[in-house]
Structure formats: C-alpha cells, structure tokens
There are 2 protein chains.
Amino acid sequence: MSSASAFAIILAGGGGTRLWPASRRRNPKQLLRLGGDESLLAAAARRARELSDPDRILIVTAADQESAVRGAVPWLPRENVVVEPLPRNTAAAVGLGAVVAFRRAGAQAVLAVLPADPHIADEARFTAIVRAAIAEAARTITTVGIKPTHAETGFGYIRLGPAVAGAAGGAAVHQVGAFVEKPDRATAERYVASGDYLWNSGMFFLTAGRLLEEARRHLPALGQALDAMTAAPDFEAAVRERYPSVPSISIDNGIMEKASGLHVVPGDFGWNDVGSWAAMTAIRRADAAGNVVVGGAQLIEGKGNVVVAEPGAPYVGVLGVDDLVVVATADAVLVIPKHRAQDVRQLVEAAKKNGREDLL
Amino acid sequence: MSSASAFAIILAGGGGTRLWPASRRRNPKQLLRLGGDESLLAAAARRARELSDPDRILIVTAADQESAVRGAVPWLPRENVVVEPLPRNTAAAVGLGAVVAFRRAGAQAVLAVLPADPHIADEARFTAIVRAAIAEAARTITTVGIKPTHAETGFGYIRLGPAVAGAAGGAAVHQVGAFVEKPDRATAERYVASGDYLWNSGMFFLTAGRLLEEARRHLPALGQALDAMTAAPDFEAAVRERYPSVPSISIDNGIMEKASGLHVVPGDFGWNDVGSWAAMTAIRRADAAGNVVVGGAQLIEGKGNVVVAEPGAPYVGVLGVDDLVVVATADAVLVIPKHRAQDVRQLVEAAKKNGREDLL
C-alpha cells in the first residue's frame, strides 16, 4: 500500500437489538463472532488492510464501545479509533472520520466508508470491487450496490442509471439513477426481476473535500461544525464542543440522496447484513438439514434451526423442532421462530419493562 | 388421628430423567416444586397427615436423596426417613417400609403405600377415597384405580371386577378383575370407552402381615430377607446385610399381579403422574391461550406452551411459538415440542455421551 492509499472509515457505532441476547448496548452486533472465529468488526478491519495501510484505517465508534473496539482490533494505531462524544447517526460519524482524514492528508484524501457489520463471504471479490470504487472516487462520489438475491423489504435500493464509459478498475460502473426507499413486497419483487436495482450497502467512496462540501450544501449545521473541527488547533476539544449539536441523520438521507452525479459499482461478494439470527443459516456452514449449531449446543432431529450457545451459557439441548432460533448467553435465553427473528426487539422491550436493564 | 391410624409409606426413591433439566439424580421429580410452592414430595407428605399421625408417616428413599428428603419434609420424625442402602425397585422399598411398621405396630398395622410423585388436584376427594381404601385394607389388599380421562398408553390398567357389597367407607369398591399391561392406542381407547378399566396408580393398602405373607409366597428371596430384618435385634445392620441381595422388581409385577382377592376403589381426584413437562398445562393454571409460564419467564404470543425458568436460570424470552416446552436452569436449557416431551431422555443421553455428568 502506498502512502496515498485511501482512508478506510469503518462505522462501528451502531447499537441495535436484533441479535439479542448476544448483542447488548456494550457488546453490539459488530463485536459478535457471528461468522466464526473473529467478530464482524475484526473481519471488516482485516479486509480494510487489503485496501489501506493500518495508519489510514479509522474506526468511528461510540464512547461506551471504545474499549471493546480497541480490544477487537488490537493492531490498529491508538489514534485511529475515533470516538463520538455521543451518538449522532452516520452523517456525523462519516463527517468526523472525514475531518480526521482531511487534517492528516488534505482535501484530496480518498475515503472508503465501510459499515462494520455486514458479513462478506467472498473477500477477494469484495476487495476487487471496492478497489474499483476507490479508483472511481477521485472522479465523483461512488457507492457499491449489492446485486439482490431476493425481494428484501428491509433495505433501501439503488436504481441503476446508464453505464459509465472508461470506468477505473475494470469493474462495471453506472450512474446512480436514484436512491429509493424500502419497498413493499410487490415492489421489491419487481425491482429484483427487472435487474435494474441494487441494495444500498451503505458503502461510499469520495474525497474528504467532497464530503465536507456536500455537508455544507445539504446539512449546513453539520458542515459548519465539521469545518470548525477541521480548522481547530485542538481537534478533540473542538469535537467535544461541536459534536453534540450536529444534526442526527443518516448519511444516506442527509447527503447521498441529495447529492448529484453519483456512480455505483454493482457488487456480488456474498454480502449479508446479518439483520437477525435468521441470517446465521446464510453466513455459517449449515448441516445437511440446514441447521446451524454453535458453541457446543446439542440438537437432535429438526431442520433449519439456529442454535447458539454463547461462551458462559448453560448447556443447550434442543430436540425435534424446525426453523427455530434458540440463543443462550450466561444470563438470557431466546426462543423465537426463524421467520419472526426480527421481532426479538419485542422481548428486549419486555425485559426493559420488567426492569432488567442488565439485559439490554 | 388415633394411635391405630395407618402407616403411610411414601415411596420417594425414584430417579428418572423425564423432567430434565430440572430433575437430576440428586434432585428427582418428587423434589421439584412443579405444582407451585411445595415439592411433590412435600405435598404427598402433607396429604398423608390427613390420614396418619406424623410418627406413622414413613418416607422410603435412596441414600443419595436422603438429605434432600429430610429438607423437603422437615417436620417428619428423623427415624421415619427409611433409607435404602441401594435402589432395589418398589417391591423391596415397600417391604422395607412394611418391616418398619411391623416392628413398631405388629402384623395388623395397616399400610397405605403412596407414590411421592403424582400431583393431586382435589385433595379433599383424595383423602376421602384413600380413607375408604384404608378401611377396606383390613379385609384384603386394596388399591385405588384412577378413572381414566384419556386413552393413555403409558400406564398399566386395572379391569374392574364385580362390585363388593358392604364396603367400608361409603365409596364404591370392586373386586380387581385383572391388572393389564400398558396397552396400544386402539386397546387403550377401547378400555376407556368401556368404562370397565382404571389406571393403575401404584397406591396399595394392606396390612404389614399380608405384605410379608405375599412376599414370602411370590418373591421368596425378598420374603426371607424381610423376615430377617423384622426379627433382627439390629434392624439397620440387617438392612445393610440383606437389602443388596433382594430381587429388584416392581411391587406391581412382583406381588400385586400375582396376589388374589384384591379390591379396588375407583378414584377421581385430579391425579396426574407428571410424566413429562407436558403435564404442566394440566397441573398449573394456564392462561387463556393455554400457556403455563413459571419463574418470571417472558412469553409473547403463542399458545399451549410450557415455559419454565427455575431459580438461578437465565432470563427466558420466548416469542411466537406454539405447543413448545422451554425449561431453563442455571446450567442447562431444554427446548422440545410438547408432544415430544417424553423424548427428553435422548438429550440426557447425549449430555452423558458429551461427558457432561454434571448435568445428569
């Protein structure tokens, strides 16, 4: 990697309850070893090393996750963990990373904005596609859209525009036709059948200067704050002072959907957002009956199950069930049908109502 | 209660795995608080106080359950916990109790042999029926048969013989037509439809002298050993010496099915043998959707479920499942369909194979 390699900005501040009881406020999804031996964050950081020198890999995270993040990526230079004083959604988090990159390498520094929590099955393909997107980022804001494998209603989509001639990196590159909101099922099916739509992956590639410019244009309060942090002699003091008052909005809604001239590289590298325990059957090797059994749990008979015993959990014995999710930790047990796996938040809310803050 | 009240012989030596993970070798079914605030054994002993003075209530148990039994029935005189040196099935256990009763009160002492582990819903009715059986025991061996509520294939049945005139206690009393083995489903359905069959409850009422006499006749090795224990100056030494070599056979197979002239009192008092976790929906008050939720577990939606969090268990959250059993203890979690609840033993065997002796 040359010193001019891109800055990888890994967004690792998310909370979320969809993988409860394994995921907690202080142990969110990206810190779980869902794919096997390493956490999703550790895998994301490892993939980033194929793109950037370690001193150009930044992880933006929340204050209460800082030490867990450092533990998950011990090889990362200490100053490359960028801590949000409090959560302000992804536009601000990317802005914070952009300011750090700008202060170190100027407006032309290329940023590769990478969410920490998807699982990537084909890492070589991922690297090739992302390199193409990074190469394109010098021209304009570029995103990677995921070729859909099913009519998912939980994701936003990107409509493909015309192909771009002379694209860098050898990959197919298109103009972005539009970002479209999460569709209903019929619309999602139409999108997938048409071949003209990709899933919005939340990956964006652009220069630090372009990010700050777009923030000034579309989110002026954020733009002003980022400019102040960029210029401040004491960066950390400026962050502490300005960050709390920046608008809390996603980078998709706040900037990318409003910016023009975006390009998109279609990607097909086994991307999975691990949106619920049901995803385990996709990201782990299932047995012949489609079961994924993790952590020494015992499953007898049954098909299509996800049975997880986290470290410290009781012994888990399951017999004769189908398409069920069973997850045990040292202090909580979840049982939910796989097709209802998104509804785990109802149980988290119930635990909260029951005064079990310790389980959140 | 007069000093001539019957001796209640409560059989509490059973092991069994059908209520795993709550039941363990050292914490078997009869010690579980399945019905609510008290263990099945404590309830059995409490019911026995309606029939006998505490000094005539004997609990026969296994050596490794002795201290748990004493803890469960703290009001019982110390010498009334009768400990088998090692398990030798129910003929020997009843024989041991009969010897103790004989040594204290002679051959005419009436024995009420009562398994520790059924759940009884209507205790007043139970007391009335058992009193009638005790009254009948001076005439002949008497049992209580349970009026069947469904075509159960897991129990032995008793075919009713002719009604007995002038029966004591005001209850209907019949001659025993025959003890019949566990039937197949079609046969069980025929039995129940006929009205001529009762479930074998394992409750027997007879004098100590008659028990010893029947043992001599049908199980001579047992009869000799019991006679030796009855006559021995040092009872405990005789038990230690003779008990290990007595035949291991149930009292039903070894004695009752071979004895003649038995009477039976039909009983209908909400008897439930709690043969698996599925029984919880019968012995506990279920909610409007037929769910039984115990110990602060959280169930959202679903019907017909049994969800149990034992003391010390993790928080249990279950959503959107039907007719499922979920049981958590501090060190193990069970998930099994209610109609498969008998198959929990397969999971116990698997735990054993996995070297988890600590879970047995």
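1. In what follows, a residue is called buried when its relative accessible area is under 20% and exposed when that area is over 50%. With that cut-off in hand, and bearing in mind that this is a predicted model, strand β14 of chain B, residues 306-309, makes a convenient starting point: B:Val306 and B:Val308 point one way from the strand, B:Val307 and B:Ala309 point the other way, and all are buried. In a regular strand, side chains alternate between the two faces of the sheet.

2. The pairing of β14(B) can be described on each of two partners. Strand β12 of chain B, residues 292-294, is joined to β14(B) by 3 bridges and runs parallel to it, with B:Val293 standing opposite B:Val307. Strand β16 of chain B, residues 324-328, also pairs with β14(B) in the parallel sense, here over 4 bridges, and within β16(B) the bridge partner of B:Val308 is B:Val327.

3. Turning to the hydrophobic interior, the largest nonpolar core holds 47 residues, of which B:Leu111, B:Leu211, B:Met229 and B:Met256 touch the most other members. Helix α3 of chain B, residues 89-105, supplies the largest share of this core, with 9 residues. For B:Leu211, if residues up to four places away in sequence are not counted, the residues touched are B:Val94, B:Gly95, B:Ala98, B:Leu111, B:Leu206, B:Leu226, B:Ile251 and B:Ile255.

4. Which residues of helix α5 of chain A are buried? In this helix, residues 185-194, they are A:Thr187, A:Ala188 and A:Tyr191, and because they cover an arc of only 100° around the axis, they lie on the same side of α5(A). The buried residues of the helix pack against β7 (157-163), β8 (174-180) and β9 (197-207) of chain A, whereas the face turned away from the buried side carries the exposed residues A:Ala186, A:Arg190 and A:Ala193. Just after α5(A), A:Gly195 takes a positive phi of about 75°.

5. A:Thr142 is found in strand β6 of chain A, residues 142-146, and, having a relative accessible area of 0%, is buried. A polar atom of the A:Thr142 side chain lies 3.1 Å from the backbone oxygen of A:Thr140. Apart from neighbours within four places in sequence, A:Thr142 is in contact with A:Ala133, A:Glu136, A:Ala137, A:Met203, A:Phe204, A:Phe205, A:His263 and A:Val265.

6. A:Thr143 is likewise found in strand β6 of chain A and counts as buried at 0% relative accessibility. A polar atom of the A:Thr143 side chain lies 2.6 Å from the backbone oxygen of A:Met203. With neighbours within four places in sequence left aside, the residues in contact with A:Thr143 include A:Ile158, A:Val176, A:Ser201, A:Met203 and A:Val264. Another contact of A:Thr143 is A:Val265, and although these two residues are 122 residues apart along the chain, their C-alpha atoms are separated by 6.3 Å.

7. How are chains A and B related? A rotation of 180° with 0.0 Å of shift along its axis superposes chain A on chain B, the RMSD being 0.1 Å, and the two copies are therefore related as by a two-fold rotation axis. As for the interface, 100% of the interface residues of chain A are also interface residues in chain B, so the copies meet through the same surface.

Technical notes:
Residues are numbered from 1 along each chain as its sequence is written. Chains are lettered from A and ligands numbered from 1 in the order in which they are written. This is a predicted model: local features need pLDDT of at least 70, side-chain atom pairs count only at pLDDT 80 or more; totals for chains, interfaces and linings use all residues. Side-chain values use heavy atoms; hydrogens and water are left out. A nonpolar core is a set of buried Ala, Val, Leu, Ile, Met, Phe, Trp, Tyr and Cys residues joined through side-chain atoms within 4.5 Å. Buried means under 20% relative accessible area, exposed over 50%, partly exposed in between (1.4 Å probe, protein chains only). Helices (H or I, at least four residues) and strands (E, at least two) are DSSP runs, numbered from the N terminus. Contact means heavy atoms within 4.5 Å. Two strands pair if DSSP finds at least two bridges between them. Copies are superposed by least squares on the C-alpha atoms of residues with pLDDT of at least 70 in both. The arc is that of the directions from the helix axis to the C-beta atoms. A polar contact is a pair of N or O atoms within 3.5 Å; within protein, one must be able to donate a hydrogen and the other to accept it, and residues adjacent in sequence count only if both atoms are side-chain atoms.
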